[in-house]
Amino acid sequence: MTVKIHLEVGGSVVAAEGGADFVQSVVDRWQHLLVTTSANPPPSRNAQKTSEPASHLSSNGPDSEYDNVFARHNDRLKVIAEIPGSSKAEVTRNTTLVLLYGEHLSGTEEVSAERIKETCIDHGCYDNKNFAAHLKSLKPKVVMDPKPGGDYTVKLTAPGRKFAKDLVERLNQ
């Protein structure tokens, strides 16, 4: 079961998605950020966990703000726009940026390569032999973090967020 949390306390934000043990380790590691000086105590550990997507914590998720680009299906953000590109490589890169931006707006900064692959398959641009190379060619718009077992996560950088935001706004028109 995938557990997803997105917590905002004061100026601190902690977000994590994955197995329960991983999410708990993130909460434990960043617990000190969640302690506030206000009269309200921080929520208990059990209250911090949720299996709902972070966008459900906000009524203005990417699927409502950019309804021509994103939709929710089975509690997952889906890219529904026709993604531009003159080659599979370009469509893969643009699909990746659009997905990462939508997840960023939902409160998820890092997205697994597997999740990106699923979205590329949905859009008919997945190329098994060149997929990793297409993602690596997105530098400096993204950073990639290898994980045990050969998987990796991908995260937008500041230049990547700006580029992706412009692309999503064009697609939403």
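Start by selecting Cys125, which is buried, with a relative accessible area of 1%. The model on your screen is predicted. Keep Cys125 selected and look for its closest cysteine partner. Which cysteine sulfur is nearest to that of Cys125? The sulfur of Cys120 is, at 3.8 Å.

**Stop 1: the two cysteines**

Add Cys120 to the selection. Cys120 is buried too, at 0% relative accessibility. Is this pair bonded or unbonded? A disulfide is a covalent bond between the sulfur atoms of two cysteines. To count as one here, the two sulfur atoms must lie within 2.5 Å. The sulfur of Cys125 is 3.8 Å from that of Cys120, and Cys120 is in no disulfide. Cys125 is in no disulfide either. How many disulfides does the structure hold? The count is 0.

**Stop 2: Thr92**

Leave the cysteines visible and select Thr92. This residue sits in helix H5, which covers residues 88-106. Is Thr92 buried or exposed? Its relative accessibility is 0%, so Thr92 counts as buried. Now show what surrounds Thr92. Setting aside neighbours within four places in sequence, Thr92 is in contact with Cys120, Cys125, Phe131 and His134. Both cysteines from the last stop are among these contacts.

**Stop 3: His134**

Follow one of those contacts and select His134. You are now in helix H7, which spans residues 131-136. His134 is buried, and its relative accessible area is 11%. What does His134 touch, apart from residues within four places in sequence? It is in contact with Ala89, Thr92, Arg93 and Asp127.

**Stop 4: a cis bond**

Move along the chain from H7 to Pro140. Pro140 belongs to the loop between helix H7 and strand E6 (142-146). Zoom in on the bond between Lys139 and Pro140. This peptide bond is cis, with omega of about 10 degrees. Why stop for it? Most peptide bonds are trans.

**Stop 5: two positive phi angles**

Select Asn74 and Asp75. Asn74 lies in the loop between strand E3 (70-73) and E4. Asp75 is found in that loop between E3 and E4 as well. Check the backbone angles. Phi of Asn74 is near 50 degrees, a positive value. Asp75 also has a positive phi, about 60 degrees, although it is not a glycine. Most residues other than glycine have a negative phi.

Now turn on the surface. How accessible is Asn74? Asn74 has 65% relative accessibility and counts as exposed. Asp75, at 47%, counts as partly exposed. The reason lies in the cut-off: exposed means over 50% relative accessible area.

**Stop 6: the cavity**

Step from that loop into strand E4, residues 76-79. Look for enclosed space. How many cavities of 30 Å³ or more does the structure hold? It holds 1. About 30 Å³ of space lies in the largest cavity. To see its walls, select Leu77, Lys78, Val79, Arg115, Thr119, Asp122 and His123. Which elements each supply at least two residues of this lining? They are strand E4 and helix H6 (113-122). Colour the lining by class. You should find 2 nonpolar, 2 polar and 3 charged residues.

**Stop 7: Glu109**

Next, select Glu109. Glu109 is in the loop between H5 and strand E5 (110-112). Its relative accessibility is 30%, so Glu109 counts as partly exposed. Which residues does Glu109 touch, not counting those up to four places away in sequence? They are His104, Val154, Lys155 and Leu156. Now add Ala15. Glu109 and Ala15 are 94 residues apart along the chain. In space, their C-alpha atoms are separated by 7.7 Å.

**Last stop: the whole chain**

Zoom out and clear the selection. Show the cartoon. The protein chain has 8 helices and 7 strands. What share of its 173 residues count as buried? The answer is 39%.

Switch to the surface view. The accessible surface of the protein chain comes to about 9,600 Å². Carbon and sulfur atoms account for 49% of that area.

Finally, think about contacts across the chain. Consider those with a separation of 6 or more. Residues 24 or more positions apart make up 50% of them.

Key
Residues are numbered from 1 along each chain as its sequence is written. This is a predicted model: local features need pLDDT of at least 70, side-chain atom pairs count only at pLDDT 80 or more; totals for chains, interfaces and linings use all residues. Side-chain values use heavy atoms; hydrogens and water are left out. Helices (H or I, at least four residues) and strands (E, at least two) are DSSP runs, numbered from the N terminus. Buried means under 20% relative accessible area, exposed over 50%, partly exposed in between (1.4 Å probe, protein chains only). Contact means heavy atoms within 4.5 Å. Accessible areas come from the Shrake-Rupley method with a 1.4 Å probe; for residues, only the protein chains shown count as cover. On a 1 Å grid over the protein atoms alone, a cavity is a set of points where a 1.4 Å probe fits but cannot get out, and a pocket is an open set with protein on both sides within 12 Å along at least five of seven lines; lining residues have an atom within 4 Å of a point. Grid points are joined across faces, edges and corners, and a volume is the space filled by probe spheres set on the points. Ala, Val, Leu, Ile, Met, Phe, Trp, Tyr, Cys and Pro count as nonpolar, Asp, Glu, Lys and Arg as charged, and the others, Gly among them, as polar.
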